[in-house]
Every structure is written in structure tokens, then in C-alpha cells.
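Trainee: I should like to take a close look at one part of this protein, namely a strand in the interior and the aromatic residues that accompany such strands. Would you please guide me through it step by step?

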Amino acid sequence: RRTDRPTPTERDRPLRPARQLTHRPAGRRRAATMAFGGNKNNPNNSAVVGEPPEDGVTKLCWSPQANFLIASSWDNSVRCWEVNDNGESAGRAMIQLESPALDACWTSDGTMVFSACCDGKAYGWDLNADKHQPVGVHQAPVRTVCWVDEVNLIATGSWDRFVRYWDGRAEQPAAEIEMPERVLCMDVRYPMAVCGTSDKKYTVFDLRKPTEPYKHANSPLKNQLRCVAAFPDMTGFILGSIEGRCAVQHVEDNMQSKNFTFKCHRQDNYVYPVNAISFHPYGTFVTCGSDGGVNFWDKQSKQRLANFAPCPVSVSAVAFNTPGNIVAYAMTYDWHKGASGYDAKIANAIYLHGVGDEQTKPRPKAATGGFGRR
């Protein structure tokens with residue numbers, strides 16, 4: 001952890017106990033109705049999530065079963081809120097870990113949350129029992145964690161250069177594979193998994209043979225990878241990098257003509273990291289970046305569908321809920337400018353915004369051909 005990062009103050013209140021989570025349907029695919037007053041720190045008039053983390057948010061993730069939102073953070077916590085379609089949120093549970101949590105994910109039934117932490121451990125959190133325990137161990141910080149429902153395994157990627165698979169009960173991994181460099185990002189859409197490493201390469205796995213790379217290649221992006229998101233149809237994935245650019249990649253050789261890269265999260269002559277990517281049920285996607293921007297894209301027609309007014313500092317995480325009618329995003333300074341860019345007057349915040357077809361529905365290809373280059 002950076003030494004120039006302000007140290008979070010100790011919490012002066014006990015942790016909120018977990019409440020029994022009841023999975024009610026998350027609603028139809030229509031824009032949630034949210035009307036909240038805005039200010040310079042909330043330029044999009046988004047609904048504000050109460051009791052956000054005291055330090056930077058590293059991941060936002062919605063339950064597959066209902067509108068429960070989790071956030072992992074540099075303040076060592078993982079928190080859970082329940083959200084209704086009016087944008088009203090209520091804190092339901094949280095855990096305090098021994099080190100910063102860099103990633104988090106849900107199980108498909110919405111009863112467990114897994115987190116990846118800087119102490120070299122992955123933790124499993126049973127929200128109904130309000131208990132958490134280590135489920136996997138590495139020799140360096142765990143950067144990413146994914147749940148693989150079809151085989152009941154937890155996949156972890158670490159800066160120790162290993163991807164490991166755990167069943168959560170044994171001390172030893174069920175399987176592992178050594179990567180060529182540190183793992184920076186990973187996503188899973190069974191049977192496909194894709195992993196980006198610090199040598200600017202990516203590896204695709206067929207999880208039916210999880211220790212045998214299906215494809216290993218150089219990233220088309222020139223600089224360090226930051227995030228990856230697999231297509232819902234599992235034919236490819238999108239890579240995001242620190243250079244303000246994304247790459248749309250397909251797995252099979254006969255689809256390589258559809259690959260392209262495009263610029264994003266740039267202002268004037270400055271380029272900013274792409275921090276997160278999230279797919280909508282329509283197959284369109286949203287990106288967020290250190291420019292404070294949230295942009296909606298259609299890769300099929302190569303168009304930007306919509307964008308939010310930029311926040312005053314970085315947006316570190318973004319995620320659609322399962323029906324796709326709410327997008328959550330976290331306004332957190334991500335230290336891309338070092339200590340000189342930190343403004344103590346701008347607090348960490350998690351926002352919720354209702355979205356509909358205007359921001360998310362695919363559109364016909366523009367006459368100009370849209371963004372992107374091969």
C-alpha cells in the first residue's frame with residue numbers, strides 16, 4: 001500500500017451485523033426512477049449510497065439474485081447494501097479484513113461473497129451467517145477473484161504469478177497454473193476465463209481443462225492492462241489499459257477480423273486509465289476511468305451510446321445490476337497523479353443511477369463507421 005495514502009481513521013462504531021438476505025426479484029429492465037439533487041461532487045444527480053468505505057473503492061458487484069450491492073475497499077472492508085428501484089439503499093452487512101480488499105465477487109445463488117486481499121488470502125463471507133474465513137492462499141497479494149459456478153470453484157489470480165482454483169474447504173488448491181507474469185485482471189464466463197498479466201499479455205482458458213491455456217497472446221494495447229470483461233456470449237472479451245484505450249478481442253482465429261481498439265477516457269491532450277468494464281444484458285457495456293467519466297458503448301455498431309458528466313475525481317469501479325436498470329459507480333481518487341492529486345475535500349462516494357434503452361440499447365451502425373481501428 002502506498003505510504004503517501006492517508007491512513008483511514010479507526011471506526012468508532014461496531015460493525016453492523018448481517019441481516020438474513022431475502023432474494024426478491026430485482027425488477028424489470030426499465031430505468032429505475034431516481035431524482036436526487038446534484039452538486040459539483042455529484043454532477044449527474046445520482047442517488048447516493050450511505051456509509052461508503054472510508055478509503056478507495058476497488059470493486060463494485062451486484063448479486064445475481066437481487067439488488068444487493070457489495071463494495072471492496074482499501075480500508076480493509078467489504079460492505080453490502082440493499083437497493084430498491086427508487087435508488088434508496090440501506091446498509092445490510094460488512095466485514096473488516098486484515099488488509100485492503102482488491103476485488104470481490106458473488107456466488108450465483110447470492111449467499112456468499114469472495115474477496116481478494118493484499119495479505120495474500122482470498123476470503124469467503126457467508127452473509128446469512130455473518131461469518132468469513134480464508135478460502136485460498138498465495139505468496140503475494142491476491143489481485144482478482146471469480147466464482148465458477150459450474151464447477152463450484154473459486155478462481156484467484158495473484159501477483160505471485162499463479163492462478164489457482166479452490167473448493168473452499170481444502171488448504172491446498174484443487175488446481176493451479178503458473179503465469180508468465182503478475183496477474184492484474186481476470187474474468188470468467190464459463191467455460192471461458194481470460195487473464196491479463198503485467199507483461200502486457202493475455203491468456204484464455206477453457207475451464208473444462210483449467211490448467212491448460214487455450215490461447216496466449218500479446219495484448220494489442222501498448223501499455224499496462226487494467227481490467228478485462230468477457231463477452232456475455234463467451235466469444236471474446238474487452239481489455240482496458242492505463243493508456244485510455246480499450247481492445248475488443250475475439251477468441252477464435254476465424255473471428256480476428258472483428259477485433260479493434262478504440263480511444264476512451266481522454267480529455268484534451270491527457271489520457272487516463274480505464275478502471276473497470278461492465279456488460280449490460282443487451283450486450284452493450286459501460287466503462288469508467290480516472291478522468292471521472294462513465295461511458296456507455298455498443299461494440300457491434302462501434303458507437304458511444306451515452307456518457308455521464310465527469311466527476312471531479314476518478315471513477316474507480318462501475319457495475320450494472322442484473323436486470324440492467326441501475327448502474328452503480330464509485331467516485332474515488334485512485335492515486336494516478338500521486339499525492340499531488342489528492343483533495344481531502346472530495347470524499348469517497350458510491351452513486352446509483354437509473355438507466356434505460358437510451359443509454360444501453362444497441363443502435364444501427366453509424367454512417368461514418370463509428371469508433372475503433374483494427
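Mentor: Let us begin with Tyr-333, which has a relative accessible area of 10% and is therefore buried, since the term applies under 20%. Please keep in mind throughout that this is a predicted model. Trp-335 is buried as well, with a relative accessible area of 6%.

We now turn to strand E29, which comprises residues 326–331. Six of its six residues are buried, so the strand is largely enclosed by the rest of the structure. To read this strand properly, one general point is needed. In a regular strand, side chains point alternately to one face of the sheet and to the other. On one side of E29 are Ile-326, Ala-328 and Ala-330, while Val-327, Tyr-329 and Met-331 are on the other. Residues on both sides are buried, and both faces of E29 are thus covered.

Next, consider the strands that pair with E29. Strand E28 (residues 315–320) is joined to E29 by five bridges, and the two run antiparallel. Within this pairing, Ala-317 of E28 stands opposite Ala-330 in E29. The two strands form a hairpin with five residues between them. In the turn of this hairpin, Gly-324 has a positive phi of about 85 degrees. Strand E30 (residues 349–354) is also antiparallel to E29, and six bridges join them. Here Tyr-329 has Tyr-351 in E30 as its bridge partner. Tyr-329 therefore serves as a useful landmark for you: it is among the buried residues of E29, and it has a bridge partner in E30.

The aromatic residues deserve a wider view. The model contains 13 aromatic pairs. One of them is formed by Tyr-202 and Phe-237, with 4.9 Å from centre to centre and 70 degrees between the planes, an edge-to-face arrangement. Tyr-202 lies in strand E16 (residues 201–206) and Phe-237 in strand E19 (residues 236–241), so this pair ties together parts that are 35 residues apart in sequence. Both Tyr-202 and Phe-237 are buried. We may now return to the two residues with which we began. The ring centres of Tyr-333 and Trp-335 are 5.3 Å apart and their planes stand at 50 degrees, so this pair is tilted.

Strand E19, which holds Phe-237, leads us to a second group of strands. Four strands form an open sheet in the order E18-E19-E20-E21, with antiparallel pairing. Its edge strands are E18 (225–230) and E21 (260–263), each of which pairs on one side only. From one strand to the next, the twist averages 20 degrees. Strand E20 (residues 245–250) is joined to E21 by four bridges, and Ala-247 has Thr-261 in E21 as its bridge partner.

Finally, Phe-231, Phe-260, Phe-262, Phe-279, Phe-285 and Trp-297 form one aromatic cluster. Two lysines lie over rings of this cluster. The charged end of Lys-299 sits over the ring of Phe-231, at 4.1 Å from its centre. Lys-302 lies over the face of Phe-260, and the distance to the ring centre is 4.5 Å.

Key
Residues are numbered from 1 along each chain as its sequence is written. This is a predicted model: local features need pLDDT of at least 70, side-chain atom pairs count only at pLDDT 80 or more; totals for chains, interfaces and linings use all residues. Side-chain values use heavy atoms; hydrogens and water are left out. Rings of Phe, Tyr and Trp (its six-membered ring) pair if their centres lie within 6.5 Å; planes under 30 degrees apart count as stacked, over 60 as edge-to-face and the rest as tilted. Buried means under 20% relative accessible area, exposed over 50%, partly exposed in between (1.4 Å probe, protein chains only). A charge sits over a ring if NZ of Lys or CZ of Arg is within 6 Å of the ring centre and within 35 degrees of the ring normal. Two strands pair if DSSP finds at least two bridges between them. Axes are lines fitted to C-alpha atoms, for helices over the stretch in contact, and angles run from 0 to 180 degrees between N-to-C directions.
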